[in-house]
Amino acid sequence: MDVAIIGAGIAGCAVARELSRLSLDVVVLEEGYDVACGASRSNSGIVHGGYDPVPGTRKALYNARGMRMIPGLADELGFRYSNNGSLVIALSDQDLPAIDVLAGRARANGIEGVRRIGADELRGLEPNVNPCAVGALLCEGSGICDPFGMTVAFAENAATNGVTFRMGARVVGASRRGGLWDVALADGSHVEATLVVNAAGVHAIDLHNQVSSDRLASRPRLGEYVLMSRDMHGAFGHTIFRAPGPKGKGVLVSPTADGNLIVGPDAVDGIGPDDTATTPSGLEWVIEQARLTWPAFDPREIIVNFAGTRPCGADGDFVIGEPADAPGFFDIAAFDSPGITSAPAVAVDVAAWAAERLGARPDPAFDGHRDMPPRFLEMGEAEREEAIARDPAFSHLVCRCEQVSEAEVLAAIHAPIPATTVNAVKRRCRAGMGRCQGGFCEPLVVEMLSRELGIPIQDVLLGEPGSEIAPLTRGEGRS
Ligand SMILES: Cc1cc2nc3c(=O)[nH]c(=O)nc-3n(C[C@H](O)[C@H](O)[C@H](O)COP(=O)(O)OP(=O)(O)OC[C@H]3O[C@@H](n4cnc5c(N)ncnc54)[C@H](O)[C@@H]3O)c2cc1C
C-alpha cells in the first residue's frame, strides 16, 4: 500500500480524493460503519468567510484558500452549497470593538467583501434580527454547505477513482518498520503503507503522540445545537453570528443548505473525546442566546437537538504535516473549526507532499465529476413525472416529511460508498430527517436495508457498531 489514511471524516476523504488523481494504492481505514462518524457530521455547516482566524496562522491560510475552492467543488462533486453571506451583529456599542478586530483580520487575511454596516442596513437585510442591534460586520463571501454530503461526495469520487474504503477498521497503533509504516487494527490485522495520513479527528492527537516524542495536548470541546423545522428556513437569509466573546464565535442562527434553520453551538470544555450527549442546561443556554439574536425564536419549531465534539488542540491552531521524528506520517490534527471550510485546501497540500515523496504520477483515468443524487422533494411536476416514468420507485414515498422516495433510498444503499445503516440512509437522502424524525419511515428503511443487503432484519444497525434495531413491527423477534 502506498498511503493509509486513518479516518473518513472531511479531512481523510478530501485527501483520499486528491490522492485518487494519482496512480497510487490508497486505503482509508474508518472505525465507524460510514464516512463522517465524528465532527464532520455534527457541526454548523458554515463555509467561514476567513475574517475570524488570527492572521499568520494555519487556520487563516487554509480558511481563505478553502472557502475559495468550495463553490467550484460543489459543482464538480455535487454537494449542497449556497453563498448566503454572514453577519456578525453588535447588540450594543460595547460589541463594536470586537467587530472592528474582525474587520482588521479580514484585511490582514486578504479577504474581500467584508464591511461594517449600520442598524438600518442590517434591518433591511434581516428584518427578524433583534431591533436593539446597532450594526454588523457583513461578509459577502461566506456560505453554507451540507458538511455530511460534502464528505460523502469526496469519498464517493475517491472510491470511483480507485481508493479502497475499509469500514469498521479501528486503528489502535502505528509503528515504523523497515522503511514502512505498520498500522495495527483492533481486529488484530495490520496494514503496511509507505505513508500514513492521520485524519482521525478527535483521536488524531492520540495517534500523533504514539509516533512522535513531540507530544501534543488534546482539548475536545463540545458544541450543542437545536435544529428547527423547514418552516423556519426563511426566517434569516444570512448566517447570523454574535460579536465574539471569550468562547469563540458564539451561538449562530443560520439557514442550512438542506432547508432547515440551525441554532447553536455552545462550547463545553472538559469532556471526553467521544462525548456527544446534549444536556438540558446546555440547550437552555443555546436557546437563551438565540433569543438575543432572534427575539421571535419559537421553541415549538425545534425538531431535534444534537451535539458535536471539536477536535481542539492546545494552542488553537491546526497541526498539519510531518512530525520531525516520524517521517512519512502526516498529521491533520487539532482540526477544529473552520475544518470543513479548510479541508479542501489542506488536502491539496497533503496530497502534494505525498506525491512528491512517492514520486507519484497523475492517473490518466481520473474522473473528478460526480452527479448530485436527485431529490424528489426538489423536483418540479414535469421532473417528477419524468423520474417516475424512468423508475417507478420514485412514486413510492418512504419518508413523508421530507418526501423521500424508494428510489432515493435504494440509490443510497447501492452508492459507491454504500449506506448500510439507518443513520447512513438518513444522512444521505434525508429519510427520517423531518418533523417526525423517522417515526413513520424508520421501519420501512430497516426492511429495505435487510432486503437489499441480504441480512436478517435483526442485524440492521441504527448507526454505530452494536446498535442493532430490534424489530418492532410484524412480530419478528430476536431468536
Ligand atoms: C460544534 C462544531 C461546529 C463546527 N462548525 C464548523 C463550521 O461551521 N464550519 C467549519 O468549517 N468547521 C466547523 N467545525 C469543524 C469541523 O467540523 C471539523 O474541523 C471537521 O469536521 C474535522 O474533520 P476531520 O475529518 O478531521 O474529523 P472527523 O470528522 O471527526 O473525522 C474523523 C474520522 O476518523 C474516525 N476515527 C477516529 N479514530 C479512529 C481510529 N483510531 N481508527 C479509525 N478511524 C478513526 C472517526 O470515526 C471519524 O469518522 C465545527 C465542529 C464542531 C464540533
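**Entry 1: strand β17**

Which residues point one way from β17, which point the other way, and are they buried or exposed? I looked this up before anything else, keeping in mind that I am working with a predicted model. Leu261 and Val263 point one way, Ile262 and Gly264 point the other way, and all are buried.

Next I wanted the partners of β17. β16 (residues 252-255) pairs with β17 (residues 261-264) in the antiparallel sense, over four bridges. I noted two of the facing residues: Val253 stands opposite Val263, and Pro255 stands opposite Leu261. The β16 side reads much like my note on β17: Leu252 and Ser254 point one way, Val253 and Pro255 the other way, and all are buried.

I then checked the link between the two strands. β16 and β17 form a hairpin with five residues between them. Gly259 sits in that turn and has a positive phi of about 100°.

β17 also pairs with strand β14 (residues 221-228), in the antiparallel sense over three bridges. There I found Met228 opposite Leu261. So much for β17.

**Entry 2: the whole chain**

I stepped back to get the overall picture. I have 12 helices and 22 strands written down for the protein chain. The radius of gyration is 22 Å, close to the 23 Å that the globule rule gives for 479 residues, so the chain is as compact as a globular protein of that length. Along the principal axes, the C-alpha atoms fill a box of roughly 60 × 60 × 45 Å.

I also looked up burial and contact range. Of the 479 residues, 51% count as buried. Taking contacts between residues at least 6 apart in sequence, 72% join residues at least 24 apart.

**Entry 3: domains**

How is the protein chain divided into domains? My note reads: domain 1 is 1-81 + 144-218 + 311-372, domain 2 is 86-140 + 220-310, and domain 3 is 376-459.

I picked the pair of domain 1 and domain 3, whose C-alpha centres lie 29 Å apart. Their contact takes 11 residues from domain 1 and eight residues from domain 3. On the domain 1 side, helix α5 (residues 147-160) gives the largest share, six residues. By class, that side has seven nonpolar, one polar and three charged residues.

**Entry 4: two open sheets**

I traced the six-stranded sheet first. It is open, with mixed pairing, and the order is β9-β2-β1-β13-β20-β19. β9 (164-167) and β19 (319-321) are the edge strands, each pairing on one side only. Neighbouring strands are turned by 20° against each other on average, direction ignored.

Inside this sheet I looked at one pair more carefully. Strand β1 (residues 3-6) runs parallel to strand β2 (residues 26-30), and the two pair over four bridges. For Ala4, the bridge partner in β2 is Val27.

The other sheet I logged has three strands, is open, and has the order β3-β8-β4 with antiparallel pairing. Its edge strands are β3 (46-47) and β4 (81-82), and each pairs on one side only. β4 pairs with β8 (residues 143-145) over two bridges. Ser82 stands opposite Ile144 in that pair.

**Entry 5: helix α10**

Is helix α10 (residues 406-413) mostly covered or mostly open? I found it mostly covered, with six of its eight residues buried. The buried ones are Glu406, Ala407, Glu408, Val409, Ala412 and Ile413. I noticed two Glu residues in that list, Glu406 and Glu408.

What do the buried residues of α10 pack against? They pack against two strands, β21 (397-399) and β22 (404-405), and two helices, α11 (422-429) and α12 (442-453).

**Entry 6: Glu402**

Glu402 caught my eye in the loop between β21 and β22. Why does Glu402 count as buried? Glu402 has 24 C-beta neighbours inside 10 Å, and the cut-off for buried is 20 or more.

I then listed what Glu402 touches, leaving out residues up to four places away in sequence: Leu377, Arg430, Ala431, Met433 and Gly434. I singled out Ala431, which is 29 residues from Glu402 in sequence but 6.6 Å away in space, C-alpha to C-alpha.

How values were computed:
Residues are numbered from 1 along each chain as its sequence is written. This is a predicted model: local features need pLDDT of at least 70, side-chain atom pairs count only at pLDDT 80 or more; totals for chains, interfaces and linings use all residues. Domain bounds come from an automatic or database domain assignment. Two residues are in contact if their C-beta atoms, placed from the backbone, lie within 7 Å. Ala, Val, Leu, Ile, Met, Phe, Trp, Tyr, Cys and Pro count as nonpolar, Asp, Glu, Lys and Arg as charged, and the others, Gly among them, as polar. Two strands pair if DSSP finds at least two bridges between them. Axes are lines fitted to C-alpha atoms, for helices over the stretch in contact, and angles run from 0 to 180 degrees between N-to-C directions. The radius of gyration is taken over C-alpha atoms; the globule rule is 2.2 Å times the number of residues to the power 0.38. A residue is buried if 20 or more other C-beta atoms lie within 10 Å of its own, exposed if 12 or fewer, and partly exposed in between; C-beta atoms are placed from the backbone.
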